[in-house]
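Open the model in a viewer and keep the selection panel at hand. The stops below say what to select and what is found there.

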Amino acid sequence: MSRKLIVALLCIFAQTLVFAFPPLPSGQELVFETSGWVKAKGTGGRLWPAASALAKHLCVTDASRGSPVIELGSGTGAVGIFAAALGSPSVVLSDHNQLTLATAQCNVKVNRKLMKDAKIRTVKYSWGDPIGE
């Protein structure tokens, strides 16, 4: 099954939930699909309280506006997507689990209109692996 087909199926069949995640300064809210611990996604299939706290910090400090962002162990991609919506021009969402990355891609697609012209990509990466040149 192709990667694009997996993303499309997730977007169609996934249960979309709105979490207690901070709204953007405009008042708009991002929407995230999460599957929790099911579907072989493990810990990356849910939103953690730390993601909400980091998003609030980005809002207050404006740290991501105009700066590239990489989210290691991105899971749903919530923090990276939030950073893109705040004005980061380039975001890399990385995770070791391909199914989790497919969920992050679905979340990018669902929230695309709130992320302006940010370039967002997903990369399969496990912590400790060498980084290519």
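Select Asp62 in this predicted model. Aspartate 62 counts as partly exposed because its relative accessible area is 35%, and the cut-offs for that class are 20% and 50%. The residue belongs to the loop between α2 and β3. Check its backbone: phi is positive, about 60 degrees, although aspartate 62 is not a glycine.

Add Arg65 to the selection. Its side chain forms a salt bridge with that of aspartate 62, with an N to O distance of 2.9 Å. Arginine 65, at a relative accessible area of 45%, is partly exposed as well. How many salt bridges does the count come to? The count is 1.

Go next to Lys116, in the loop between α4 and β5. Here too phi is positive although the residue is not a glycine, at about 50 degrees. Lysine 116 is exposed, with 52% relative accessible area. A further positive phi, about 120 degrees, is found at glycine 87, just after α3.

**The whole chain**

Zoom out and colour by secondary structure. The protein has 4 helices and 5 strands, arranged along the sequence as α-β-β-α-β-α-β-α-β. Of its 133 residues, 44% are buried. The accessible surface is about 7500 Å², and carbon and sulfur atoms account for 62% of that area. Taking contacts between residues at least 6 apart in sequence, 57% connect residues at least 24 apart.

**Helix α3**

Select residues 78-86, which make up helix α3. Is this helix enclosed or open to the surface? It is largely enclosed by the rest of the structure, since 9 of its 9 residues are buried. They are Ala78, Val79, Gly80, Ile81, Phe82, Ala83, Ala84, Ala85 and Leu86. Show the surroundings of the helix: its buried residues pack against β2 (32-33), α2, β3, β4, α4 and β5 (119-124).

**The nonpolar core**

In soluble globular proteins, nonpolar side chains tend to be buried together. In this model, the largest nonpolar core has 25 residues, and Phe21 and Ile120 are those with the most contacts inside it. Elements that each supply at least two residues of this core are α2 (49-61), α3, β4 (90-95) and α4. Which of the elements gives the most to this core? It is α3, with 8 residues.

Select Ile120 and display its neighbours. Leaving aside residues up to four places away in sequence, isoleucine 120 touches Ala84, Val91, Leu93, Val108, Arg112 and Met115. Among these, Ala84 is one of the buried residues of α3.

**Asparagine 111**

Move to Asn111 in helix α4, which covers residues 98-111. Asparagine 111 counts as buried because its relative accessibility is 3%, and the limit for buried is under 20%. What does asparagine 111 touch, not counting residues up to four places away in sequence? The partners are Leu30, Val31, Phe32 and Ile81. Ile81 was met above as a buried residue of α3.

**A nonpolar patch on the surface**

Switch on the surface and select Ile70, Leu72 and Trp127. Together they form a nonpolar patch with about 380 Å² of accessible area. Isoleucine 70 sits in strand β3, residues 69-71. With 54% relative accessibility, isoleucine 70 counts as exposed, as the class begins over 50%.

**Confidence**

Finally, colour by pLDDT. The average over the protein is 84, and 78% of the residues score at least 70. Which elements mark the lowest and the highest mean pLDDT? Strand β1 (residues 16-17) has the lowest, at 44, and helix α3 the highest, at 97.

Select residues 12-19, where pLDDT stays under 50. For this segment the model has 15 contacts beyond four places in sequence. Where pLDDT is low, the predicted coordinates should not be read in detail.

Conventions:
Residues numbered from 1 in each chain as written. Predicted model: local features only at pLDDT ≥ 70, side-chain atom pairs only at ≥ 80, totals over all residues. Heavy atoms only, no water. Patch = residues over 30% accessible without salt bridge, like charges linked within 9 Å, V, L, I, M, F, W, Y side chains within 5 Å. Areas by Shrake-Rupley, 256 points an atom, 1.4 Å probe, with all protein chains shown as cover. Salt bridge = Lys/Arg side-chain N within 4 Å of Asp/Glu carboxyl O. Buried < 20%, exposed > 50% of the residue type's maximum accessible area, 1.4 Å probe, protein only. pLDDT = per-residue confidence, 0-100. Contact = heavy atoms within 4.5 Å. Core = buried A, V, L, I, M, F, W, Y, C linked by side-chain atoms within 4.5 Å.
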